[in-house]
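Hi everyone, thanks for coming. I'd like to spend a few minutes on charged side-chain pairs, so let's bring up the model.

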Amino acid sequence: MNLAEVNASAWAELESAAADPQSAFRYLNLCSVDAGGRPQARMVVLRRVDVARRILEIHTDVRSPKWQEISANPRVTMLGFGPQPKVQLRLQGSAELHGPASECATEAWSLLPRSTRSTYMGGPPSDDIGERPASEGRIADADGQAFFGMLIFRAETLDWFQLRHADNRRAVFAYDHLGALTSSRWVNP
Ligand SMILES: Cc1cc2nc3c(=O)[nH]c(=O)nc-3n(C[C@H](O)[C@H](O)[C@H](O)COP(=O)(O)O)c2cc1C
(Lines give C-alpha, C1' and ligand atoms only; values in the text may rest on other atoms or scores of the structure.)
Protein backbone atom coordinates (compact mmCIF):
# COMPACT_ATOMS: atom_id res chain seq x y z
CA MET A 1 0.00 0.00 0.00
CA ASN A 2 1.17 3.53 -0.69
CA LEU A 3 0.48 6.44 1.68
CA ALA A 4 -2.77 7.44 -0.02
CA GLU A 5 -4.00 3.86 0.22
CA VAL A 6 -3.03 3.56 3.89
CA ASN A 7 -4.95 6.74 4.72
CA ALA A 8 -7.99 5.67 2.70
CA SER A 9 -8.04 2.18 4.19
CA ALA A 10 -7.78 3.46 7.77
CA TRP A 11 -10.77 5.77 7.24
CA ALA A 12 -12.72 3.08 5.41
CA GLU A 13 -12.18 0.78 8.43
CA LEU A 14 -13.46 3.46 10.80
CA GLU A 15 -16.45 4.18 8.59
CA SER A 16 -17.49 0.55 8.40
CA ALA A 17 -16.90 0.09 12.15
CA ALA A 18 -19.59 2.67 12.90
CA ALA A 19 -22.10 0.38 11.20
CA ASP A 20 -20.68 -2.98 12.28
CA PRO A 21 -20.78 -4.03 15.96
CA GLN A 22 -18.32 -6.87 15.17
CA SER A 23 -15.60 -4.52 13.91
CA ALA A 24 -12.51 -4.07 16.11
CA PHE A 25 -12.69 -0.31 15.62
CA ARG A 26 -16.29 -0.20 16.85
CA TYR A 27 -14.85 0.41 20.32
CA LEU A 28 -12.25 3.12 20.65
CA ASN A 29 -10.30 4.42 23.59
CA LEU A 30 -11.12 8.08 24.17
CA CYS A 31 -8.31 9.81 26.06
CA SER A 32 -8.51 13.23 27.67
CA VAL A 33 -6.58 15.14 30.30
CA ASP A 34 -8.26 16.05 33.57
CA ALA A 35 -8.00 19.26 35.59
CA GLY A 36 -5.03 17.84 37.51
CA GLY A 37 -3.12 17.11 34.28
CA ARG A 38 -3.66 13.35 34.63
CA PRO A 39 -4.37 11.33 31.51
CA GLN A 40 -7.82 9.69 31.53
CA ALA A 41 -8.83 6.88 29.17
CA ARG A 42 -12.08 5.00 28.58
CA MET A 43 -13.70 2.88 25.90
CA VAL A 44 -16.48 4.39 23.83
CA VAL A 45 -18.66 3.17 20.96
CA LEU A 46 -17.98 4.70 17.58
CA ARG A 47 -21.44 5.85 16.44
CA ARG A 48 -20.86 7.63 13.16
CA VAL A 49 -17.98 8.68 10.91
CA ASP A 50 -17.74 11.47 8.37
CA VAL A 51 -14.69 10.53 6.33
CA ALA A 52 -14.56 13.72 4.26
CA ARG A 53 -14.51 15.93 7.37
CA ARG A 54 -12.45 13.44 9.47
CA ILE A 55 -15.13 13.39 12.16
CA LEU A 56 -15.99 10.64 14.65
CA GLU A 57 -19.21 10.79 16.67
CA ILE A 58 -19.59 9.43 20.22
CA HIS A 59 -22.55 9.42 22.60
CA THR A 60 -22.12 10.06 26.30
CA ASP A 61 -23.73 11.22 29.54
CA VAL A 62 -23.33 14.94 30.13
CA ARG A 63 -23.00 14.28 33.88
CA SER A 64 -19.89 12.13 33.37
CA PRO A 65 -16.39 13.23 34.39
CA LYS A 66 -15.26 13.07 30.76
CA TRP A 67 -17.83 15.71 29.79
CA GLN A 68 -16.43 18.10 32.42
CA GLU A 69 -12.84 17.31 31.46
CA ILE A 70 -13.41 17.83 27.77
CA SER A 71 -15.38 21.07 28.33
CA ALA A 72 -12.30 22.42 30.09
CA ASN A 73 -9.80 20.91 27.63
CA PRO A 74 -11.11 19.79 24.24
CA ARG A 75 -7.81 18.26 23.10
CA VAL A 76 -8.31 14.49 22.97
CA THR A 77 -6.87 11.32 21.45
CA MET A 78 -8.82 8.38 20.06
CA LEU A 79 -6.98 5.07 20.03
CA GLY A 80 -8.04 1.89 18.27
CA PHE A 81 -6.54 -1.49 17.47
CA GLY A 82 -7.54 -4.00 14.80
CA PRO A 83 -6.02 -7.48 15.22
CA GLN A 84 -6.14 -8.59 11.56
CA PRO A 85 -3.87 -7.15 10.31
CA LYS A 86 -2.40 -5.77 13.54
CA VAL A 87 -3.06 -2.07 13.04
CA GLN A 88 -3.11 0.70 15.62
CA LEU A 89 -4.90 3.96 14.76
CA ARG A 90 -4.00 6.91 16.96
CA LEU A 91 -6.03 9.99 16.12
CA GLN A 92 -5.34 13.31 17.75
CA GLY A 93 -7.68 16.25 17.53
CA SER A 94 -10.31 18.19 19.36
CA ALA A 95 -13.79 17.42 20.61
CA GLU A 96 -16.90 19.56 20.41
CA LEU A 97 -19.61 18.86 22.97
CA HIS A 98 -23.28 19.15 22.03
CA GLY A 99 -25.65 19.04 24.99
CA PRO A 100 -29.17 17.59 25.21
CA ALA A 101 -30.85 20.70 23.80
CA SER A 102 -28.71 20.71 20.64
CA GLU A 103 -30.16 19.70 17.31
CA CYS A 104 -27.68 16.88 16.73
CA ALA A 105 -28.20 15.32 20.19
CA THR A 106 -31.98 15.59 19.83
CA GLU A 107 -31.85 13.84 16.48
CA ALA A 108 -29.48 11.11 17.68
CA TRP A 109 -31.67 10.50 20.76
CA SER A 110 -34.75 10.09 18.55
CA LEU A 111 -32.96 7.27 16.70
CA LEU A 112 -31.78 5.37 19.80
CA PRO A 113 -33.46 2.10 20.73
CA ARG A 114 -35.22 2.05 24.10
CA SER A 115 -32.58 -0.26 25.57
CA THR A 116 -29.82 2.26 24.83
CA ARG A 117 -31.94 5.16 26.07
CA SER A 118 -32.34 3.42 29.40
CA THR A 119 -28.58 3.69 30.01
CA TYR A 120 -29.08 7.45 30.50
CA MET A 121 -31.90 7.05 33.02
CA GLY A 122 -29.90 6.07 36.10
CA GLY A 123 -28.15 8.30 38.61
CA PRO A 124 -25.08 10.37 37.76
CA PRO A 125 -22.13 8.30 36.44
CA SER A 126 -19.51 7.58 39.15
CA ASP A 127 -21.93 8.28 42.03
CA ASP A 128 -22.11 5.52 44.64
CA ILE A 129 -25.15 3.32 44.26
CA GLY A 130 -24.89 1.84 47.77
CA GLU A 131 -27.42 -0.92 48.31
CA ARG A 132 -29.96 0.46 45.89
CA PRO A 133 -31.21 -2.14 43.40
CA ALA A 134 -30.46 -1.32 39.78
CA SER A 135 -34.09 -0.79 38.85
CA GLU A 136 -34.71 1.79 41.56
CA GLY A 137 -33.83 5.37 40.89
CA ARG A 138 -34.59 4.96 37.20
CA ILE A 139 -36.28 8.00 35.82
CA ALA A 140 -38.58 8.66 32.92
CA ASP A 141 -37.50 8.31 29.31
CA ALA A 142 -37.82 12.02 28.66
CA ASP A 143 -35.51 12.73 31.59
CA GLY A 144 -32.89 10.34 30.24
CA GLN A 145 -32.72 12.64 27.25
CA ALA A 146 -31.74 15.50 29.57
CA PHE A 147 -28.41 13.70 30.16
CA PHE A 148 -27.68 12.63 26.62
CA GLY A 149 -24.84 14.39 24.88
CA MET A 150 -22.96 14.09 21.65
CA LEU A 151 -19.20 14.35 21.35
CA ILE A 152 -17.95 15.28 17.90
CA PHE A 153 -14.28 14.54 17.46
CA ARG A 154 -12.38 16.13 14.59
CA ALA A 155 -9.07 14.50 13.74
CA GLU A 156 -6.07 16.70 13.08
CA THR A 157 -3.59 13.85 12.76
CA LEU A 158 -3.63 10.11 12.26
CA ASP A 159 -0.70 7.99 13.37
CA TRP A 160 -1.03 4.59 11.65
CA PHE A 161 1.11 1.71 12.92
CA GLN A 162 1.16 -1.82 11.54
CA LEU A 163 2.86 -4.52 13.60
CA ARG A 164 4.50 -7.13 11.38
CA HIS A 165 7.00 -9.94 11.94
CA ALA A 166 10.16 -8.02 11.19
CA ASP A 167 9.32 -4.87 9.31
CA ASN A 168 6.79 -2.83 11.27
CA ARG A 169 5.40 0.11 9.34
CA ARG A 170 4.23 3.50 10.48
CA ALA A 171 2.79 6.52 8.69
CA VAL A 172 1.59 9.90 9.90
CA PHE A 173 -1.13 11.99 8.24
CA ALA A 174 -2.38 15.51 8.93
CA TYR A 175 -5.70 17.13 7.98
CA ASP A 176 -6.85 20.73 7.76
CA HIS A 177 -9.97 22.13 9.44
CA LEU A 178 -12.19 20.91 6.60
CA GLY A 179 -10.70 17.44 6.65
CA ALA A 180 -8.48 17.70 3.58
CA LEU A 181 -5.24 15.74 3.77
CA THR A 182 -2.39 18.23 4.14
CA SER A 183 0.56 15.91 4.72
CA SER A 184 1.43 12.24 4.73
CA ARG A 185 4.75 10.57 5.40
CA TRP A 186 6.33 7.30 6.41
CA VAL A 187 8.16 7.49 9.73
CA ASN A 188 10.32 5.05 11.65
CA PRO A 189 8.05 2.69 13.55
C1 LIG B 1 -17.07 -1.66 25.40
C2 LIG B 1 -17.45 -0.39 26.11
C3 LIG B 1 -18.08 0.61 25.41
C4 LIG B 1 -18.42 1.81 26.06
N5 LIG B 1 -19.03 2.80 25.34
C6 LIG B 1 -19.30 4.00 25.93
C7 LIG B 1 -19.85 5.07 25.17
O8 LIG B 1 -20.10 4.97 23.96
N9 LIG B 1 -20.06 6.25 25.80
C10 LIG B 1 -19.77 6.41 27.13
O11 LIG B 1 -20.00 7.51 27.64
N12 LIG B 1 -19.27 5.41 27.88
C13 LIG B 1 -19.01 4.20 27.31
N14 LIG B 1 -18.48 3.18 28.05
C15 LIG B 1 -18.17 3.42 29.47
C16 LIG B 1 -16.87 4.22 29.56
O17 LIG B 1 -15.77 3.41 29.18
C18 LIG B 1 -16.63 4.81 30.95
O19 LIG B 1 -16.48 3.78 31.89
C20 LIG B 1 -17.77 5.72 31.41
O21 LIG B 1 -18.30 6.47 30.32
C22 LIG B 1 -17.28 6.70 32.48
O23 LIG B 1 -16.20 7.45 31.94
P24 LIG B 1 -15.67 8.80 32.63
O25 LIG B 1 -15.75 8.56 34.12
O26 LIG B 1 -14.27 8.96 32.17
O27 LIG B 1 -16.56 9.92 32.19
C28 LIG B 1 -18.14 1.98 27.44
C29 LIG B 1 -17.50 0.94 28.12
C30 LIG B 1 -17.17 -0.22 27.48
C31 LIG B 1 -16.50 -1.33 28.26
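Let me start with a question for you: does Asp-159 count as buried or exposed? Asp-159 is buried, because its relative accessibility is 10%, and the cut-off for buried is under 20%. Please keep in mind that this is a predicted model.

So who is the partner? Asp-159 forms a salt bridge with Arg-90, at 3.0 Å from N to O. This pair ties together distant parts of the chain: Arg-90 sits in strand E6, residues 87-98, while Asp-159 belongs to strand E7, residues 148-162, and their positions lie 69 residues apart in the numbering. Arg-90, for its part, is partly exposed, with 35% relative accessible area.

Now on to Arg-48 and Glu-57. Their closest N and O atoms are 2.8 Å apart, in another salt bridge. Here Glu-57 is buried at 9% relative accessibility, whereas Arg-48 is partly exposed at 41%.

Next, have a look at Arg-38, which pairs with Asp-34 in a salt bridge, the closest N and O atoms being 3.1 Å apart. Asp-34 counts as buried, at 11% relative accessibility. Arg-38 is exposed, because its relative accessible area is 51% and exposed means over 50%.

One more spot to click on: Arg-75, Arg-154 and Glu-156 are joined in a network of salt bridges.

And how many salt bridges does the count come to? The answer is 10, and the pairs I walked you through are among them. Thanks, everyone, and do jump in with your thoughts!

Definitions and conventions. Residues numbered from 1 in each chain as written. Predicted model: local features only at pLDDT ≥ 70, side-chain atom pairs only at ≥ 80, totals over all residues. Heavy atoms only, no water. Salt bridge = Lys/Arg side-chain N within 4 Å of Asp/Glu carboxyl O. Buried < 20%, exposed > 50% of the residue type's maximum accessible area, 1.4 Å probe, protein only. Helix = DSSP H or I, 4+ residues; strand = E, 2+ residues; numbered from the N terminus.
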